[in-house]
Amino acid sequence: MRVLNPDRRPLVAGNWKMHTTPQSGVELARAIVRAGPPDGVDLVLCPPAIAVTDVARAVVGTSIRVGAQNMHWLDSGAFTGEISAPMLAGVAEVVIVGHSERRADFGETDEMVNGKLEAALAAGLTPIVCVGETESVRDAGGAQALITAQVEAALAGIGSTAAEPLVMAYEPVWAIGTGRTASPAQAAEAIGWAREALSDALDAAAAQRTRILYGGSVSPSNARDLLTQDGVDGALVGGASLKADDFIAIARSAVS
């Protein structure tokens, strides 16, 4: 077995978004277990909030970790419909923070992302912090500046020691759910920008130990080309994570 990034263990996370019920989520999780998660890669399943507990129970005794797709930045309060980090900590190990759909569709700001990251770390959760540019920003030549600003804002006031569990995901917004994918070279370049920003926001050692994933229409057919790029440490997978065989095929691309 050849690990593509031996200094940073690959991680492949499935973001199920607003798909699956608790019952169908359990069935999908069990199908992923049966499909054979490969050695040498961390797998994370992020079902809808209503299914997190059931999916977590379904993968007990396996190497698969379970995460949530979102959380509030405060521990408690009069916030109807929200879920806090302490609530998640008993059932999940991972949480996605700042996904582009949260930013675009629900007005999530850099300040909110920073608060969520801080709360996730305080609760012992592993945060997957998402950054990435829209098509108009890329076309205008502003991708690097935006990615740098998002990384710096997310980590404001958080030291390198506190941020040690951090995982980041670069997701070009123009490639999410569109069938378009950043070229392997574009993905590697943008992840390089994110790592440079991490070095500035934290320090060089933290930047080197932090896993940075690619997310944006990842599929079994393009995963290997993306995951063999320098600095790409795994994938944040959307639609393909809803099919057990496809998800496992992507995971295998990270270690073979």
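Select Y214 and A235 first: A235 in β8 is the bridge partner of Y214. Helices (H or I, at least four residues) and strands (E, at least two) are DSSP runs, numbered from the N terminus. The model is predicted, so local features need pLDDT of at least 70, side-chain atom pairs count only at pLDDT 80 or more, and totals for chains, interfaces and linings use all residues. Residues are numbered from 1 along each chain as its sequence is written, and side-chain values use heavy atoms, with hydrogens and water left out.

**Stop 1: strands β7 and β8**

Stay with this pair and select residues 211-215, which form strand β7, together with β8; the two run parallel and are joined by two bridges. Two strands pair if DSSP finds at least two bridges between them. Another bridge partner to pick out is L236 in β8, which goes with G215.

Now show the side chains of β8, residues 234-237. Which residues point one way from β8, and which the other way? G234 and L236 point one way, A235 and V237 the other, and all are buried. Buried means under 20% relative accessible area, exposed over 50%, and partly exposed in between (1.4 Å probe, protein chains only). In a regular strand the side chains alternate between the two faces of the sheet.

Do likewise for β7. R211, L213 and G215 point one way and I212 and Y214 the other way. Five of the five residues of β7 are buried, and the strand is mostly covered.

**Stop 2: the barrel**

Next, select the strands on either side. Residues 11-15 are strand β1, which pairs with β8 in the parallel sense over four bridges. A13 stands opposite L236 in β8. On the other side, β6 and β7 also pair in the parallel sense, over four bridges. Here M168 has I212 of β7 as its bridge partner.

Then colour β1 to β8. The eight strands form a closed barrel in the order β1-β2-β3-β4-β5-β6-β7-β8, with parallel pairing. From one strand to the next, the twist averages 25°. Strands of a sheet pair through backbone hydrogen bonds, either parallel or antiparallel.

**Stop 3: β3, β4 and the helices on the sheet**

Select β3 (residues 65-68) and β4 (residues 94-97), which run parallel and are joined by two bridges. V95 in β4 is the bridge partner of A68. Add helix α5, residues 110-122, which packs on the sheet and touches β4 and β5 (126-131); its direction makes about 160° with that of β5. Contact means heavy atoms within 4.5 Å. Axes are lines fitted to C-alpha atoms, for helices over the stretch in contact, and angles run from 0 to 180 degrees between N-to-C directions.

Add α7 as well: this helix packs on the sheet, touching β5 and β6 (167-170), and its direction makes about 150° with that of β5.

**Stop 4: α7 and its helix neighbours**

Two packed helices are described by the angle between their axes and the distance between the axes. Keep α5 and α7 on screen. Their axes come within 8 Å and cross at roughly 45°. The two helices are therefore oblique to each other. Angles under 35 degrees count as roughly parallel, over 145 as roughly antiparallel, 65 to 115 as roughly perpendicular and the rest as oblique. To see the contact, select D110, V113, N114 and L117 of α5 with Q150, A153 and A154 of α7. By class, these are four nonpolar, two polar and one charged residues. Ala, Val, Leu, Ile, Met, Phe, Trp, Tyr, Cys and Pro count as nonpolar, Asp, Glu, Lys and Arg as charged, and the others, Gly among them, as polar.

Now hide α5 and show α8, residues 184-201. How do the axes of α7 (residues 143-154) and α8 lie? They come within 9 Å and cross at roughly 40°. That makes α7 oblique to α8. Select A143, Q144, I147, T148, V151 and E152 of α7, and A190, W193, A194, E196, A197, L198 and A201 of α8, to see the contact. Its residues divide into nine nonpolar, two polar and two charged.

**Stop 5: two loop residues**

Finally, select K17, in the loop between β1 and α1 (22-35). Its phi is near 50°, a positive value in a residue other than glycine. K17 counts as partly exposed because its relative accessibility is 21%.

S217 is in the loop between β7 and α10 (223-227). Phi of S217 is near 55°, again positive in a residue other than glycine. With 23% relative accessibility, S217 counts as partly exposed.
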